[in-house]
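Student: Walk me through this one, please.
Tutor: Sure, here it is.
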Amino acid sequence: MTTDPFNSITPQIAASILSADFSRLGAEIENVLTGGADFLHLDVMDGNFVPNISFGPPIIRNIRPATAAYFDAHLMIVDPLRYAPAMVKAGAQNITFHIEVVEDAVKTAGEIRKLGCRVGITLNPATPVERIWAVLDHVDVVLVMSVVPGFGGQHFMPATLPKAEAIKKRLRADQRLEMDGGLHADTIRMARDAGVDWFVVGSAIFDKPDRAAAIAELRTKLS
Ligand code: DX5
Ligand code: ZN
């Protein structure tokens, strides 16, 4: 799909490329998008905020011309304002940063929005939902982490569902609620029932031989 997910009110499945085969990233992206993924979730990790290093602007720049799909960047880095400009220049269209790494989330959101992109806030499972109330009006998307960030293939944490419900109650119609981590055929319905609009799925798509079938099964759980 090449549509802007903000233009839709139907559930959206975002393929997290962290779980892709990086030796064939272009083919992997083509495969999951033709297989029905709505857009791409780009997990940027700095080895500091999370104990893993993934990729940055060079990868984003290289895959940008390969697809018209929406690029939703999840910055798991300690200095989002330092690197957001390069991510947007490389082709990221939404920049989501962690509430845990900033002093003033409203200021950070405003600076990111000046780059001409959408802006999102995200919080770790252990972070109380109250931490994001002050920035809620200043973002386009709220990403609820349903795993401790850093790796794909982890187990879904149902304890994060009440946070999603509480946030959903406070969102405007033009804002979106996204969930990320451990989503697969047996957990995605719980997230939908909690009010989630966008579903980030990594290993439950890329680890499957038939990605189209995996995505189709996820869609049936969302209907
Ligand atoms: C984890 C990332 C997630 C992860 C999702 O830090 O933010 O986007 O790649 O992968 P799965 O769906 O395998 O949990
Ligand atoms: Zn992510």
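Tutor: Start with a term: six donors count as octahedral if opposite donors are over 155 degrees apart and all others between 65 and 115. Donors are N, O and S atoms within 2.8 Å of the metal (3.2 Å for Na, K and Ca), and water is not among the atoms, so sites may look incomplete.
Student: What should I know about the model itself?
Tutor: This is a predicted model, where local features need pLDDT of at least 70, side-chain atom pairs count only at pLDDT 80 or more, and totals for chains, interfaces and linings use all residues. Residues are numbered from 1 along each chain, chains are lettered from A and ligands numbered from 1 in the order written, and side-chain values use heavy atoms, leaving out hydrogens and water.
Student: OK, metal first. Which protein donors does the zinc ion (ligand 2) have?
Tutor: H41 (NE2), D43 (OD), H74 (ND1) and D180 (OD). They lie 2.1 to 2.3 Å from the zinc ion (ligand 2).
Student: And what geometry does the site of the zinc ion (ligand 2) have?
Tutor: Octahedral, with angles of 73 to 174° among its six donor atoms.
Student: How are the donors of the zinc ion (ligand 2) spaced along the chain?
Tutor: The spacing is H-x1-D-x30-H-x105-D. H41 lies in strand 2 (residues 39-45) and H74 in strand 3 (residues 71-76), so this pair ties together parts that are 33 residues apart in sequence.
Student: What counts as a strand or helix?
Tutor: Both are DSSP runs, numbered from the N terminus: helices are H or I with at least four residues, strands are E with at least two.
Student: How many of each are in the chain?
Tutor: Eight helices and eight strands.
Student: Back to H41. Buried or exposed?
Tutor: Buried, because H41 has 0% relative accessibility and buried means under 20% (exposed is over 50%, partly exposed is in between, with a 1.4 Å probe and protein chains only). H74 is buried too, with a relative accessible area of 0%.
Student: How much of the chain is buried?
Tutor: Buried residues make up 56% of its 223 residues.
Student: New topic. What is the volume of the largest pocket?
Tutor: About 370 Å³. A pocket is an open set of points on a 1 Å grid over the protein atoms alone, with protein on both sides within 12 Å along at least five of seven lines, and lining residues have an atom within 4 Å of a point. The volume is the space filled by probe spheres set on the points.
Student: What lines the largest pocket?
Tutor: There are 32 lining residues, and G153, G181, G182, G202 and S203 lie nearest the centre. Strand 2, strand 3, strand 8 (198-201), helix 7 (203-206) and helix 8 (211-222) each supply at least two lining residues. Helix 8 gives the most, with three.
Student: What about the overall size of the chain?
Tutor: Its C-alpha atoms fill a box of roughly 45 × 35 × 35 Å along the principal axes.
Student: Pick a few single residues for me.
Tutor: Try E30, in helix 1 (residues 25-34). E30 counts as partly exposed, at 47% relative accessibility. Its C-alpha atom is 26 Å from that of V119, and the two are 89 residues apart along the chain.
Student: Where is T108?
Tutor: In helix 4 (residues 105-113). T108 is buried at 6% relative accessibility. From T108 to D43, one of the zinc donors, the C-alpha distance is 19 Å.
Student: And where is I77?
Tutor: In the loop between strand 3 and helix 3 (80-90). I77 is buried, with a relative accessible area of 4%.
Student: Last one: where is L123?
Tutor: In strand 5 (residues 118-123). L123 is buried at 0% relative accessibility. L123 and V148 are 25 residues apart along the chain, with their C-alpha atoms separated by 9.7 Å.

Technical notes
Four donors count as tetrahedral if all angles lie between 85 and 135 degrees; four count as square planar and six as octahedral if opposite donors are over 155 degrees apart and all others between 65 and 115; anything else is irregular. On a 1 Å grid over the protein atoms alone, a cavity is a set of points where a 1.4 Å probe fits but cannot get out, and a pocket is an open set with protein on both sides within 12 Å along at least five of seven lines; lining residues have an atom within 4 Å of a point.
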